[in-house]
Amino acid sequence: MLVFLHGVGNGDPQGSWLKELNRGLVEAGYDPLEKSQTVAPRYSDLLETDGIRASLPARTYLSKDEDARRRDYERRQARVSRLIGHDPDAWTAGLEAVPEVVVDVMQRAVVDLQLGQLGQVDRYIDNEGLRGAILRRVLETLPAEGDIVIVGHSLGSVVAIDLLDHLPPSLRVRRLITLGSPAGSAFIHEKCERLLKRFPYGIVDDWANVYGRGDLVTAGRGLAGTFPAAQDFVVAVGPRHYAKAYFEHPSVRTLIGEAMHGSQETGLVPVERSVELRIPAPVEQAIFFLAFAHHVRRLIDDRKTAERYGQALQLVQEDMANRLKLMLVNEGRPVPPIVESLGNGTPPRSRRDWNLDEAIDPLVLCALSNLVQPYDINAGKAPTAALRDMAIEIGIQPESGTTIGKAIQEVRGVLEDSSGVPWSRIAFGLGGVALLVAGPLGIALAAPAGLAGAAAITSALATFGPGGMVGGIALLGGLASTGAAVATGAAAVGGAGDAPLEQIVVDLTARISAARARQLLDLSVDAMLWYHVVALEAELAAELNRLEPLSDGSSPRLKDLRRKREVVRRALAYMTTKGMQPRQLTEGSDEEPAA
């Protein structure tokens, strides 16, 4: 059953929305929908009546195994992304170019005057009795069980989002489609603390938010920045906002037609994934990093820089292929065809879908690392931009890649400001300080051969040459993470106080960025990260307390320790501001943290 939630106006009593939708479905090759297959509750009379009083319906969704549900949801979202892809005719620039503060002022002025669409949306959000009445009326029209597809346009999209908390437990939303939604506007969330703070991943299969960059009601902005579960699709509707304009677009027809009738032969083009020998973990990681590097190369704006990067990447890839072959032969394993193709310079593709949780750390590492080391080539914004393309390749929705990039930019801004060390210097001018992958999730830092600390990385890295450095990344199968990346990196040189400032900045940036990305993507954050950063701050403070009484006031070592302590304190302040400390601390619990 399809549930259509209308925007402002009279609720379309003639049902013209269905005629417009069916016209589009037929043009797209789908069967039209019978009226009996649809529900279109009208609530315009409630919006026009003063003094409406009704309590909000009870919340019905029970959170259970949300991390697992979130990972499954991400796979379904990636499928939707492949289903409709990118609209090449969508405007490349629009209202999203207007600064946020200007948009906010404009929208608030419209709201204050109670004009048009935004005035009705504000009235719905600001009046709990009205909200309750509308939600109850919509719920009365829904079946008690089975599958539904929800399509909400404009104000109806806000009602649809609000509705998800209150659906019957035996009802499943096969697809949520929001069209021209203003639900990301700041004024909505200032007035309504309850508008879907926790998305019901267990009952909604996927969520596609479709909008135009010239649509004034949306201000040319999507919802993914506000709702982690939403996936934004920009389409060519020009400045129009009417439901008819959206129903006419091929992407919307496909979204509805596929949800109601199943995929057509030409509807879904999955990413090709060949079946081959089981790929060992080091090979899989190498493919991941090299594939990311190729996305970076394609996104470098300057042509000459892109050419140099490509040449360096070819050399790194050839070297990586030779070392992987040597590793596999020495271990008596067969060499997969994909390793052979690496030696031919073929850009690799990840051969499996990654789940969201396990993909975050390697994506963060890739975006922060110089993947063509020992060559120093500043790729500019390309590594951050590549997160979106790599997300599509590994089977997660592109918006998740964008969110990971947002987390990295946030954390880098905080830690770079506090350290005074430009990131470009860290990435390209410090003798090759590089990130290493330590096992599937852990992160460690090491220096290349010849620098202090290289000797601490032993046999597991030997396969990849002197110091274990290939393209700035060492791929490990056996080095266990201590849970504290700084401790691992600093152990070789005697402690956090002796670790280079740049190493601490890089390490904290990687770990906190990954944790912040998980938070933004509605995944749980490892509580131990907080305790590790606190322990690092305590270690630095203790070292200062020990040395200050007898050292010169102008001691370079004291200055270095103070800078490191300031970086760590800024990191803790950021984590506190974002609510990333353990739940036991925020709730005042006396329980010990889990080991």
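Mentor: Helices here are DSSP runs of H or I with at least four residues, strands are runs of E with at least two, and both are numbered from the N terminus. Keep in mind that this is a predicted model.

Trainee: Okay, where is the place of S154?

Mentor: Look at the backbone to begin with: S154 has a phi near 55°, a positive value in a residue that isn't glycine. S154 is also buried, because its relative accessible area is 0%. As for its place, S154 sits in the loop between β3 and α7 (155–163).

Trainee: And D522, buried or exposed?

Mentor: D522 isn't a glycine either, yet its phi is positive, about 65°. You'll find D522 in the loop between α20 and α21. The cut-off for buried is under 20% relative accessible area. D522 comes in at 13%, so D522 counts as buried.

Trainee: Next, the helices on either side of that loop. Does α20 run roughly parallel or roughly antiparallel to α21?

Mentor: The axes of α20 (residues 501–520) and α21 (residues 528–547) come within 11 Å and cross at roughly 160°. Angles over 145 degrees count as roughly antiparallel. So, relative to α21, helix α20 is roughly antiparallel.

Trainee: How many charged residues are in the contact of α20 with α21?

Mentor: The two helices make a left-handed crossing. On the α20 side you have I504, L508, R511, I512 and A515, which meet L529, V533 and L536 in α21. Sorted by class, that contact has seven nonpolar residues, no polar ones, and its charged count is one.

Trainee: On to the sheet. Which are the edge strands?

Mentor: It's an open sheet of six strands with parallel pairing, in the order β2-β1-β3-β4-β5-β6. An edge strand here pairs on one side only, and that goes for β2 (38–39) and β6 (231–234).

Trainee: Which residue in β4 stands opposite D147?

Mentor: Strands β3 (residues 145–153) and β4 (residues 170–179) run parallel and are joined by nine bridges. Opposite D147, in β4, stands R172.

Trainee: Last one: what angle does the direction of α10 make with that of β4?

Mentor: Two helices are worth a look here. Helix α3 (residues 66–84) lies across β4, β5 (207–211) and β6, running at about 10° to β6. Helix α10 (residues 250–261) packs on the sheet too, touching β1 (2–5), β3, β4 and β5. With the direction of β4, that of α10 makes an angle of about 170°.

Key
Residues numbered from 1 in each chain as written. Predicted model: local features only at pLDDT ≥ 70, side-chain atom pairs only at ≥ 80, totals over all residues. Heavy atoms only, no water. Axes fitted to C-alpha atoms, helices over the stretch in contact; angles between N-to-C directions. Parallel < 35°, antiparallel > 145°, perpendicular 65-115°, else oblique. Left-handed = near helix turned anticlockwise from the far one by under 90°. Contact = heavy atoms within 4.5 Å. Nonpolar A, V, L, I, M, F, W, Y, C, P; charged D, E, K, R; others polar. Pairing = 2+ DSSP bridges. Buried < 20%, exposed > 50% of the residue type's maximum accessible area, 1.4 Å probe, protein only.
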